[in-house]
Amino acid sequence: MKNRIYHLSIIVIALFILFSPPLAKATDEQKALQLGCVAYAKEASAKAYRQIGLYLEEQLGIQVAVTVYPSYNEVIVDIANDKLDLAILSPLVHVCASEACELTVLGHGVYGVSGDFAYRSTIFVHADSSISSLEELEDKSISFVDQLSASGFIVPKVALMKAGIVEMAEEFAGNHVDAFRALLNEDVDACATLNTIMEDEPTLAQHAADVKVLWTSEFVIPSDAFVATAKVSPQLKEKITTILLQYGQAQKEGRSESNAIFSGFVPEDERLYDPLRQLVNEFSN
C-alpha cells in the first residue's frame, strides 16, 4: 500500500551499507580529517558546517576537509566505505547509520535561534488556503524533504497516516529549503519541514506572511549528532569532544566566528534518539 512502502528505502540503504565493499582504511600518515555533512538548508547550513570545520582545524592543528553532501544517503554510504573520519548527522540519518556502522557520538548541536538541541516537524500551507486540518490534505499535494529526514518526512508521514490520509501527491525536494520553496511557488498544497526553516535560511524569512502552520508535531526531534567513525583514535575523539563542548564559549568570546545555526554543542546522550527509533519501528510495521 502506498502509505506503507517508504520504510523500504531505509531497509535498502541499510542493506547497501552492510554489503558495500569497504574502501582501504586511511593510514596514520593521513594529513586531513574528513568531515561529512548534509546541506539540509542549502547555503546556510553549508556555511555553518564549514565554520565548525575551520574551528576544529584551528584548535586541533590538523587540516579538516569538509564535504557537504546534497543528499542524505550519500553521507551514509561514505561512512560505510571508510571515506569519513567525522560527520554531522541529522537525527534519522544517525539512527540509520549507527545501526550498521561503528559510530561514536561526540556531542549534539545546539541551535542558535532557539538555544535548544531539539526541534519539531511542521506542515505549512498557503496563507490563504482553505485547508485547516490534516484530514483535508486527502487528494492534495505535499513536498517532503527526503525519505531519510525526520522532520521532513518520517514524523509528518506518521501523523498523516494516523489521520487516515490514503491518497496524496508526494514529491521529495532533497532539502528543507527547496521543500519550502515548492510551497511558495505554488507547486504543492503543503510542505513538511522543520519548524525553524525560516530562521535557519534568512532568504525565506520574508515569506512568513505567505504561509501558515497547519500542524506541528508534539514529537520532539533531537538535534544533529557530531560523530566519529572507527578510524579516529580514542585519544583524538576525546580531544575533539572537549573542543566541541567549548565551541559555544569560543563564539561568545570572539575566538570563533559566530555561527548562524549552531551556537554550540552539548555532551553526548544517545537516549535522546530512543523516541525516534521507536517511531521508525512504528512506521515500518
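A residue is called buried here when its relative accessible area is under 20%. That cut-off is handy for strand β3 of this predicted model: Leu86 and Ile88 point one way from the strand, Ala87 and Leu89 point the other way, and all are buried. Across the whole chain of 285 residues, buried residues make up 55%. The accessible surface comes to about 12600 Å², with 51% of it belonging to carbon and sulfur atoms.

As for overall make-up, the chain has 11 helices and 13 strands. Among contacts with a separation of 6 or more, 79% are between residues 24 or more positions apart. The mean pLDDT is 88, and 89% of the residues reach 70 or more. Two stretches fall well outside that group. Over residues 14-19 pLDDT stays under 50, and the model has six contacts beyond four places in sequence for them. Residues 21-29 also stay under 50, here with nine such contacts. Where pLDDT is low, the predicted coordinates should not be read in detail.

Now to the sheet. Six strands make up an open sheet with mixed pairing, and their order is β2-β1-β3-β12-β4-β13. At the edges sit β2 (63-69) and β13 (262-266), each of which pairs on one side only. From one strand to the next, the twist averages 25 degrees.

Strand β3 (residues 86-89) has partners on either side in that order, β1 and β12. With β1 it runs parallel, and three bridges join the two; Leu35 stands opposite Leu86 in this pairing. With β12 (residues 225-229) the direction is antipar­allel, and the number of bridges is four. Leu86 turns up again here, standing opposite Ala228 in β12, while the bridge partner of Leu89 is Ala225.

Two helices lie across several of these strands. Helix α2 (residues 43-60) lies across β1 (32-38), β2, β3, β12 and β13, and runs at about 165 degrees to β2. Helix α9 (residues 234-245) lies across β1, β3, β4 (103-111), β12 and β13, and runs at about 5 degrees to β4.

In soluble globular proteins, nonpolar side chains tend to be buried together. The largest nonpolar core in this model has 94 residues, and Leu56, Ile123, Phe226 and Ile240 touch the most other members. Helix α5 (residues 150-162) supplies the largest share of this core, eight residues. Leu56 is a good place to start looking around. Beyond its neighbours within four places in sequence, Leu56 is in contact with Gly61, Val64, Phe226, Ile240, Ile243 and Leu244.

Phe117 is another residue to look at, this time in a loop, the one between β4 and β5 (118-119). Because its relative accessibility is 30%, Phe117 counts as partly exposed; the cut-offs are under 20% for buried and over 50% for exposed. Setting aside neighbours within four places in sequence, Phe117 is in contact with Gly109, Val110, Tyr111, Ile221, Pro222, Ser223, Val266 and Leu272. Its C-alpha atom is separated by 8.1 Å from that of Asp224, although the two residues are 107 apart along the chain.

Conventions. Residues are numbered from 1 along each chain as its sequence is written. This is a predicted model: local features need pLDDT of at least 70, side-chain atom pairs count only at pLDDT 80 or more; totals for chains, interfaces and linings use all residues. Side-chain values use heavy atoms; hydrogens and water are left out. Two strands pair if DSSP finds at least two bridges between them. Axes are lines fitted to C-alpha atoms, for helices over the stretch in contact, and angles run from 0 to 180 degrees between N-to-C directions. Contact means heavy atoms within 4.5 Å. A nonpolar core is a set of buried Ala, Val, Leu, Ile, Met, Phe, Trp, Tyr and Cys residues joined through side-chain atoms within 4.5 Å. Buried means under 20% relative accessible area, exposed over 50%, partly exposed in between (1.4 Å probe, protein chains only). pLDDT is the predictor's confidence in each residue, from 0 to 100. Accessible areas come from the Shrake-Rupley method with a 1.4 Å probe; for residues, only the protein chains shown count as cover.
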